[in-house]
Amino acid sequence: MRLLLVEDDVMVASGIKLGLTDAGYTVDWVGSAERAEQVLEREAFDAAILDIGLPGGDGLALTRHIRARGFALPVLILTARDALQDRVQGLDLGADDYMVKPFELPELLARLRALLRRSQAATSAVLSFGALEMDTAHRRVTLAGQPVELGPREWTVLEYMLMQTPKPIAKDKLLAALTGWDKEITPNAIEVYVSRLRAKLEPAGIAVRAIRGFGYRLECADAAGRADAA
C-alpha cells in the first residue's frame, strides 16, 4: 500500500515514515500542504496522513481540497490539537480518522489498517481466498494452514490482489504501490513478484491469472485452467 505523509517536522516525519516502512508500506513524504496538493494531482495513493499545522495552508484546508477535488483516498489527521472543535471540524471536512499527538505506532498502524479495509470494502483484518489466508494485523500468511514466507513486495502484490478479488487488479496500480519516490521498479519487476507468488500458491490450488493488457486476478487453479482452455 502506498501512503502520502504530510508533516513539516522532519524528525517526526522520519520516525513515522520509518515505522510505516517497517510495517510494509511504501511511504512518500512532503512537508507542506502546497506540495501535497501538487503530488495528489499527478500520483495515486491508498491513504494520506496529514498534520494540521503545516506551512502553505494547514491540514484542514488540505483535507477540504482533497474532498473538493473528488479524491476518495482515506485521510487520517495527526495533530497536537486535542480540542473537540478541531476534531469535529476535521471530520466534517472529510477526514476519516483523527489521532492526537503523541501517539503510539501500533495504534496508528491499526487505524490505518481499518481505514484501508473500509476503502476496499473489506470487513476483517484477515483476507482469505480458498485455502489462502492473510492476517494483515499480524503480517502472517498461511496456505492450507501452513505458513508462507513472503518478501515485502510479494506481500504488497498479494494483499492488493486479495483486496480486489474477485475483480482483477491493474498492473499499473501494483507498480504505483511498489514505487515510491526513493525507489525505482520497472514494470517487468511486477512479473517477477507474480511469478514467485505463483510458485508458492499454485501447489495449493490457487492461480494468479494474467489478464492481457490489464493486470492479474486470483482464481482457483481449476477455474483458471478451464478459462485458459476456453
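This is a short walk through one predicted model, from the whole chain down to single residues.

I will start with the chain as a whole. The chain holds nine helices and 12 strands. Its radius of gyration is 19 Å, which is close to the 17 Å that the globule rule gives for 230 residues, so the chain is as compact as a globular protein of that length. If you lay the C-alpha trace along its principal axes, the spans are about 60 × 35 × 30 Å.

Next, the surface and the inside. The accessible surface of the chain is about 11,200 Å², and carbon and sulfur atoms account for 52% of that. Of the 230 residues, 46% count as buried. As for contacts, take those between residues at least 6 apart in sequence: 56% of them join residues at least 24 apart.

Now some single residues, beginning with Ile49. Please find strand 3, residues 47-51; Ile49 lies in that strand. Is Ile49 buried or exposed? Its relative accessible area is 1%, and the cut-off for buried is under 20%, so Ile49 is buried. Leaving out residues up to four places away in sequence, Ile49 touches Leu3, Leu4, Leu5, Val6, Leu20, Leu76, Leu78 and Leu112. There is also a C-alpha distance to look at here: Ile49 and Val75 are 26 residues apart along the chain, and their C-alpha atoms are separated by 6.0 Å.

Just before strand 3 is Asp46, which sits in the loop between helix 2 and that strand. Asp46 counts as buried, at 6% relative accessibility. With neighbours within four places in sequence set aside, the residues in contact with Asp46 are Met1, Arg2, Leu73, Pro74, Leu116, Tyr160 and Lys173.

Staying with helix 2, residues 33-42, we come to Glu41, which is placed in that helix. Glu41 has 39% relative accessibility and counts as partly exposed. Which residues does Glu41 touch, not counting those up to four places away in sequence? They are His65, Arg69 and Phe71. For the last of these, Phe71, the separation from Glu41 is 30 residues in sequence and 9.2 Å in space, C-alpha to C-alpha.

Moving back to helix 1, residues 10-22, we find Ile16. This residue counts as buried, with a relative accessibility of 5%. Ile16 touches Leu5, Leu78, Phe103 and Leu108, again without residues up to four places away in sequence. Leu5 and Leu78 are also among the residues that Ile49 touches. From Ile16 to Trp29 the chain runs 13 residues, and the C-alpha atoms of the two are 9.8 Å apart.

Next, a pair of helices. Helix 6, residues 152-164, and helix 8, residues 187-201, have axes that come within 9 Å and cross at roughly 75 degrees. The two helices are therefore roughly perpendicular to each other. Helix 6 brings Arg153, Glu154, Val157, Leu158 and Met161 to the contact, while helix 8 brings Tyr193, Val194, Arg196, Leu197, Lys200 and Leu201. Sorted by class, this contact has seven nonpolar residues, four charged ones and no polar ones.

The last part is about the backbone. Most peptide bonds are trans, and most residues other than glycine have a negative phi. Where does this model have cis peptide bonds? One runs from Lys101 to Pro102, with omega near -5 degrees. Pro102 is in the loop between strand 5, residues 97-100, and helix 5, residues 105-119. Another cis bond runs from Thr165 to Pro166, with omega near 10 degrees. Pro166 belongs to the loop between helix 6 and strand 10, residues 169-170.

Then there is phi. Arg139 is not a glycine, yet its phi is positive, about 50 degrees. This arginine lies in the loop between strand 7, residues 132-135, and strand 8, residues 140-143. Arg139 counts as partly exposed, at 34% relative accessibility. Ala144, also not a glycine, has a positive phi of about 55 degrees. Ala144 is in the loop between strand 8 and strand 9, the latter being residues 146-147. At 54% relative accessibility, Ala144 counts as exposed.

To recap two items: the Ile49 side of the talk concerned a buried residue, and the Ala144 side an exposed one.

Conventions
Residues are numbered from 1 along each chain as its sequence is written. This is a predicted model: local features need pLDDT of at least 70, side-chain atom pairs count only at pLDDT 80 or more; totals for chains, interfaces and linings use all residues. Side-chain values use heavy atoms; hydrogens and water are left out. Axes are lines fitted to C-alpha atoms, for helices over the stretch in contact, and angles run from 0 to 180 degrees between N-to-C directions. Helices (H or I, at least four residues) and strands (E, at least two) are DSSP runs, numbered from the N terminus. Angles under 35 degrees count as roughly parallel, over 145 as roughly antiparallel, 65 to 115 as roughly perpendicular and the rest as oblique. Contact means heavy atoms within 4.5 Å. Ala, Val, Leu, Ile, Met, Phe, Trp, Tyr, Cys and Pro count as nonpolar, Asp, Glu, Lys and Arg as charged, and the others, Gly among them, as polar. The radius of gyration is taken over C-alpha atoms; the globule rule is 2.2 Å times the number of residues to the power 0.38. Buried means under 20% relative accessible area, exposed over 50%, partly exposed in between (1.4 Å probe, protein chains only). Accessible areas come from the Shrake-Rupley method with a 1.4 Å probe; for residues, only the protein chains shown count as cover.
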